[in-house]
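Q: Could you take a close look at one chain of this assembly for me, and at how it sits against its neighbours? I'd like one connected walk-through rather than a list.

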Amino acid sequence: MSPLLFLDILIGGLMMGGLYALIAVGLSLQYGVARVLNVSHGEFIMLGAFATYSLYILFGINPLLSLVVSGPIVFIIGFLIHRTLFKRLRRLSQSLDAFEGSSLLASFGLLFIIQNVALLIWGSNVKGYSYLSKPVNFFGAVYAANRLVALLFAILIGIVFYFFLMRTRMGKAIRAAAQDVTTAQLMGVNIHWVLGLCFGFGALLAGLAGSLTSMMFDVTPLMGFPYTIIAIIAVVLGGLGNILGSLIGGLILGLIGNIVMYIHPGLSLIAYYLIFLLLLLIKPTGILGK
Amino acid sequence: MIHSAKFLRLLSVLILIILFALVPRYARPYTIISLTSIFMYIVLTVSWALFSGPTHYISLASAAFFGIGIYAAAILGQKLPLPLVIFSGGFISFLLALLVGLSSLRLRGMYFTIFTFGLSELIRHFIQWWEVNETGTVGRWVIQVDPKVVYFAMLSIVLMTLVVAYFIKRSKFGLAIRGIGESEEAADHIGINVNAMKIITFAISTFFMGAAGATMATRWTYIDPSIAFNPLYSFTPVLMAIFGGMGQIFGQALGATVLTLLADMLLTKFPYYYMLLYGVILIIVILFLPNGLVGLKHEIKLWLRGMRQRYENT
Amino acid sequence: MRILEGKGIIKNFGGLTALASVDFHIEPGEILGLIGPNGAGKTTLFNLISGSLVPTSGTIKFKGENITGLKPHRICRKGIARTFQLVKLFGNMTVLENILLGGLFGPSTGSPRSHTKKACLDLLEFVGLSEMKENLAKDLTIVNQKRLEAARALATKPELLLLDEFMAGLNPTEVALAIELIKKIRNLGVTIIMIEHVMKVIMDVSDRIVVLHHGEKIAEGTPEEIAADQMVIDVYLGT
């Protein structure tokens, strides 16, 4: 294989991987801290995508600018959902295992609701728009400009988020809660806020990722679920509860997905599922798992 | 003794069975199909709860086993008589479940659940890929069977499922399975072969799912993987069991009956809001009915008692 | 014949050595005390005997038969039962159901259900829990929970019973009653190994004592010998 082809696959894989990493970190926040394995995570991606799409089509707003709008909207929705549904569910559950089970089921319910609402609002027709789709030369290979920009923004968002986690008080509270909720509470962290914010941030990252994907891919109410699957796999790959791990997991999946695409296009999803199942059987705690 | 509660219960069950057996002769075709549907969901719910209820291992793979039954009927329907087809559907599911169980029943709680879901989806995507690329089809035609025959087949299966579930629950194996759900380590140390028991119970439960699938296949005339392995068949039984009351077979069957009728009504009246309402019901049930309809009776009693006390105190 | 014999037992967890070549034996009918500071490897040894864990190397023989590496349920059937440091009951099941499960699955030979039920009721009487047979196990006091766990273990008809810190969490009166129960169990013909931290109990009840420290056996002998052993004194009082 020529080094150029290899580089091409690598960069292409990282482009998707960057987005997957954002999405995976979002889910990891929701599961690692709030202990909700949110199977409706992909729906927040979809909402972000539709928000950006609508703003572009209706008001001509630059998709990259719309991040400022779509992000907070999705964040608020996520936060409210946690406060109304999952917080209550947590109180009602007799054990953590019971909560994980019932919140998983509840998030399936959310998935149906959000998808159906989206179908009602926007209809089932595939939508899309064109933005920065001009090809650009990068390291000898040709890519659409929007993909490069998306990767750039994903990295940017990642860096901002990293500083948020490391340098701010709220970030420290979140990291503490991710390690040990009880101890964090004893140290004065207002845990209810933190859980809700984590869930919200998870949704935020999903929404932003969705906005970015809308530049490159079709937007439909059903687009979310495949991303959810990838996020779950990435989170398990990196180790349930390990935020950095899920980021790496997302990158790896992006690379693998691209490699499989070169070998046999139709098999990406099957490859993902196989990796997932084998991972669970062999090392469920993941690569960096505790 | 002739008038004991047990005898009366047995008598009423017998009468019910006779009534159900007479339905195809006197009822409208729509009723026959509706009842067949209800029987199917009772089978799925009760068999799901047979394993997942006491052990607390929530399986989301029911769609996989149900779908295998459907595909067994689609492939074997032309070559074998119906009872054999139904048995094959159940048996192949049973074998797959043994395999799945052997590999995955070491996984705890959440991991097991997402594993079963991933497995179900993998099977769906894989069969889709295989059919398109290897067999050269997208879907398959299913041999037509008289709805009345399907009704009787389903009635037999649901009776079998209920009887097996009932006797397992009352037997020492039912007790052991409950023990496993409470503490696997303790169960292991008092002589219960935990792994074997989990796997076998899981496999038995899937037999009925496969049999139900093979029976119902004819309903669709034309099937493809997205129909046969629809994830909805994985967590509708969960929803129904929670809704009716997981702890008792009666609750599980009740939940299946009520929600099937409800879903039927919703689908005809609000076809565009179907999933929305489904999701809302799912969440309401999880939040407000953790003990199901069966538990509701108890909760109402407690609530009434609380009200009465408050009244007496004023 | 020695009822239980362990030779060269080594257990490593990754880089950590929990047990570093321990030899031990138990005579039928005796009560063996297993003591040592926290982290000495006592519960690990129990786990190896009961089958929860497999030794990294070494053999364990029960009544002359090699049981190393067998699964817990097989070992139970052969006649070894145990209780746990943190009681592991079937919380949402009744006291009777807990003990019944032991009686139905534990013994090496089966009996008719009615016989088993009677034997279990007798055992409940034996430990003093007959009144509570319909109560849920999780609602019992800690004392009664321990009694139930012991009764459930006995229902499996063991020849050897492993008691892991049976006295933990009991007040002096309860401890005295527990000692009585242990002696009653021994009188049934059951050999007992006890892990315990309450020195008085061990000295009072044990026929022999084995002392572990950092995964090694540092002393073995009668209570009097152990009380006088300088190494044991050093380990417990610290020099």
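A: Here's a walk through chain B, its contacts, and then the chains on either side of those contacts. Keep in mind that this is a predicted model.

Let's start with chain B on its own. Its secondary structure comes to 14 helices and 2 strands. Is the chain's radius of gyration what you'd expect of a compact globule? For 314 residues that rule gives a value near 20 Å, and chain B has 21 Å, so the two agree. If you'd rather think in box dimensions, the C-alpha trace of chain B spans about 75 × 55 × 50 Å along its principal axes. Buried residues account for 48% of the 314 residues in chain B. As for how the chain folds back on itself, take the contacts in chain B with a separation of 6 or more: 78% of them join residues 24 or more positions apart.

One element of chain B is worth a stop of its own, namely helix 14. This helix covers residues 292-313, which is 22 residues. From first C-alpha to last, helix 14 of chain B reaches 31 Å, close to the 32 Å expected at 1.5 Å a residue. Is helix 14 of chain B buried or in the open? The number of buried residues is 1 out of 22, so helix 14 lies largely in the open. The cut-off behind that count is 20 or more other C-beta atoms within 10 Å of a residue's own.

Now for the neighbours. There are 2 pairs of chains in contact, and chains A and B share the most contacts. That contact takes 31 residues from chain B and 33 residues from chain A. On the chain B side, helix 4 (82-104), helix 5 (109-135), helix 11 (232-244) and helix 13 (274-288) each supply at least two residues. Helix 5 of chain B provides the largest share of that side, 13 residues. By residue type, the side of chain B that touches chain A divides into 23 nonpolar, 7 polar and 1 charged.

Then there's the contact with chain C, which takes 16 residues from chain B and 21 residues from chain C. On the chain C side, helix 2 (72-78) and helix 3 (95-105) each supply at least two residues. Helix 3 of chain C gives the most there, with 6 residues. The side of chain C that touches chain B splits into 9 nonpolar, 7 polar and 5 charged residues. Chains A and C, meanwhile, do not touch, and their nearest C-alpha atoms are 13 Å apart.

A bit more on chain C. It is divided into domain 1 (1-79 + 159-239) and domain 2 (89-157), and the C-alpha centres of the two domains lie 24 Å apart. Between them, 11 residues of domain 1 of chain C are in contact with 10 residues of domain 2. Helix 2 and helix 6 (172-187) of chain C are the elements giving two or more residues to the domain 1 side. That side divides into 6 nonpolar, 2 polar and 3 charged residues.

Finally, a word on confidence in chain A, the other partner of chain B. Chain A averages a pLDDT of 87, with 98% of the residues scoring at least 70. Where in chain A is confidence lowest? That's strand 1 (residues 135-138), at a mean of 73, while helix 2 (residues 41-59) of chain A is highest, at 93.

Terms used: Residues numbered from 1 in each chain as written. Chains lettered and ligands numbered in written order. Predicted model: local features only at pLDDT ≥ 70, side-chain atom pairs only at ≥ 80, totals over all residues. Contact = placed C-beta atoms within 7 Å. Helix = DSSP H or I, 4+ residues; strand = E, 2+ residues; numbered from the N terminus. Nonpolar A, V, L, I, M, F, W, Y, C, P; charged D, E, K, R; others polar. Rg over C-alpha atoms; globule rule 2.2 N^0.38 Å. Buried ≥ 20, exposed ≤ 12 C-beta atoms within 10 Å, placed from the backbone. Expected span 1.5 Å × (residues − 1). pLDDT = per-residue confidence, 0-100. Domains from an automatic or database assignment.
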